[in-house]
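This report concerns the arrangement of strands and helices in one protein model. Please consult the sequence and the structure shown here while reading.

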Amino acid sequence: MSINFDNFNNIVSMFFEQAKKMKDKPYLWKKNNDNFESLSWGEVELSVKSVARSLIDLGVLKGDRVIILSENRPEWQIADLAIMSIGAITVPVYTTSTTADYSHIINHSGARCMIISSHELCLKALPAIESSADCKNVIKINDDSQSYNNPVNIMQWSNLVEKNSDDAWKNIENEDYKNYDFDNEIKSIQRKDTACIIYTSGTGGNPKGVMLSHGAMLSNCTGAQILLKNLLEGMDEIKFLSWLPLSHSYEHTLQFFTLGIGAQVYYAEGIDKLVVNMGEVSPHFMTAVPRFYDSLHTRISQGLKKQGKLSQTLFATTLRLGKKKYHGEKLSFFESITNTIMDKIVRRKVNKRFGGSLKALISGGSALNFEVGLYLTALGLPLLQGYGQTETAPVVSANPPEKVKLDTVGKLFHGVKVKIAEDGEILVSGENIMNGYWNDPDATSKTIIDGWVHTGDIGEFDEEEYLKITDRKKDIIVNAGGDNISPTRVEAKLDIEPEIAQSMLYGDFKNYLVAVIVPDKDFALNWAKENGKEQKFESIVKDDDFNKLMKEVVNRVNKNLSVIEQVRKFILIDHEFTIENSMMTVSMKVRRFAVKDKYQEDLEKLY
């Protein structure tokens, strides 16, 4: 049951309105004993109130910060809504972050309480809490009877929910608590009030806390509702599969959109079970970052090599005709018939692997590789690319399903204003922009100037007012001749090659470009096996014959690049850029400064 997001002052009033209407209908689904089980809207509402009362009982006040450290699950949204319903501020953190990251966020945010899902995450987070003067309470979701020596007050989620249920609250002796009026408190929360502080992933150092208001996220929900209007029309049941971490601003705002349109949310078990879960749930919508679509492209391509000649021919025909259709080229009479047949025997089969009900796969977080997007679109997967930043709550623009242009990030969301600065930087204004960076007025004043967020992205509008991102302002390489080169454009062409897993360009003020390249491990091991070489990744990357082969791959890419963009030399490394080795952010962007710091000496030797 969809609502008008503009009618609400805050997210929690919208939730309670929806819960009143939907009551016993299923809302949040989680895998339990090999089956997905649901919580109804009514059950979620009762839990939200119980957790909210628990926070009040712990002394959490309006404006206080509460951290959520958990994988995606129903309790995540329940905790988020409970925190907001007492006027406190949610601070989401990634499960993949380090103890040092948690320590920085706990201390910088001044959090009063932390909600942690599991024993494993407690082991990482509790040492970080010890250094905090403010955060002395932990609510643990999993009831696993583990004990800890840390000087922190740890309470069980289930005990608090039971202790602070509707019935228990009526009998509470403390008159201040008994007279706590949810309705009045919620009515006092305004659209401009900060709802959450999301720490950006820090491609350039320590993360900054982005303060997002209720109105910023609600206005983004309005934009999404308008964008997907034709897809949503007439749908009695809407299913979303939630996989991207809820600590990511993209998925965090999305949960309020799904709430507002009355959708059912299924929480995926993890990346390793994602395709399986899609088959079980048959979702209508799913969001992911480009890295997921890159791996999907690789998996389909590699799997095809093991198929028979007929399957490969059918697949190649589907791709050829799908690409031709995307580019607006006219199909001959025979091609039209063939393409219709491919719909039935190839594209339907591909869609069925993902549940068979997909209305849209939405890509955001960073730039989607055009070739990957074209490949998946030609196979019939409905892919919509969007653009935004945590600082813009997050969506600025997205491709409308009625006309997708994969080389763009689509049209501006309703209520969002964009102008292009003289140097090409994209500037954003509207209700969706952040309230600023928490406790960082200097960074705020450098980012928001005269009401415009300076995104650091370079872009332009095409003739149909679709926005195109051409590069990151700070990532542009300026060579010795003064030419501006887009590293992301070249890296996208390298990374789509099946022999390459990841790459990063280097060449500021140099005569030519060089690169750090991570070969695809499976490809490298297969090559070693076929060529009688030692099957150890670390020795393969040093092998002269393998380096010659990788040189051929790079030369193949160079043929489609201008002279100044071509990669002349490279180093091969035997481990991927990951979150764990600090070469990648938690939102899956390469931390260029970290890669440069580690490999600069080796890269300089290439000149």
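The following paragraphs describe two sheets and two helix pairs in turn.

**The three-stranded sheet and its helices**

In this predicted model, strands S25, S26 and S27 form an open sheet of three strands in that order, with mixed pairing. The edges are strand S25 (500-506) and strand S27 (567-572), each of which pairs on one side only. From one strand to the next, the twist averages 30 degrees. S25 is joined to strand S26 (residues 513-519) by six bridges in the antiparallel sense. Within this pairing, glutamine 502 has valine 518 of S26 as its bridge partner.

Helix H22 (residues 544-558) lies across S25, S26 and S27, and runs at about 140 degrees to S27. H22 is also approached by helix H20 (residues 521-530): the two axes come within 11 Å and cross at roughly 130 degrees. Because of that angle, H20 counts as oblique to H22. The crossing of H20 past H22 is right-handed. H20 contributes Phe523, Ala524 and Trp527 to the contact, while H22 contributes Asp545, Phe546, Leu549 and Met550. By class, six residues of this contact are nonpolar, none is polar and one is charged.

**A second helix pair**

Helix H3 (residues 74-85) packs against helix H12 (residues 249-260) at an angle of about 90 degrees, and their axes are 12 Å apart. The two helices, H3 and H12, are therefore roughly perpendicular to each other. On the H3 side the contact is made by Trp76, Gln77, Asp80, Leu81 and Met84; on the H12 side it is made by His252, Gln255, Phe256 and Leu259. The contact of H3 with H12 comprises five nonpolar residues, three polar residues and one charged residue.

The geometry of both helix pairs is set out below.

| Helix pair | Angle | Axis distance |
|---|---|---|
| H20 and H22 | roughly 130 degrees | within 11 Å |
| H3 and H12 | about 90 degrees | 12 Å |

**The nine-stranded sheet**

Another open sheet consists of nine strands in the order S2-S1-S11-S10-S12-S13-S14-S15-S16, and its pairing is mixed. Its edge strands are strand S2 (35-40) and strand S16 (411-412), each pairing on one side only. Inside the order, strand S10 (residues 239-242) pairs with strand S12 (residues 285-288) in the parallel sense over two bridges. Here phenylalanine 240 stands opposite phenylalanine 285 in S12.

Note on methods: Residues are numbered from 1 along each chain as its sequence is written. This is a predicted model: local features need pLDDT of at least 70, side-chain atom pairs count only at pLDDT 80 or more; totals for chains, interfaces and linings use all residues. Side-chain values use heavy atoms; hydrogens and water are left out. Two strands pair if DSSP finds at least two bridges between them. Helices (H or I, at least four residues) and strands (E, at least two) are DSSP runs, numbered from the N terminus. Axes are lines fitted to C-alpha atoms, for helices over the stretch in contact, and angles run from 0 to 180 degrees between N-to-C directions. Contact means heavy atoms within 4.5 Å. Angles under 35 degrees count as roughly parallel, over 145 as roughly antiparallel, 65 to 115 as roughly perpendicular and the rest as oblique. A crossing is left-handed if the near helix is turned anticlockwise from the far one by less than a right angle, and right-handed if clockwise. Ala, Val, Leu, Ile, Met, Phe, Trp, Tyr, Cys and Pro count as nonpolar, Asp, Glu, Lys and Arg as charged, and the others, Gly among them, as polar.
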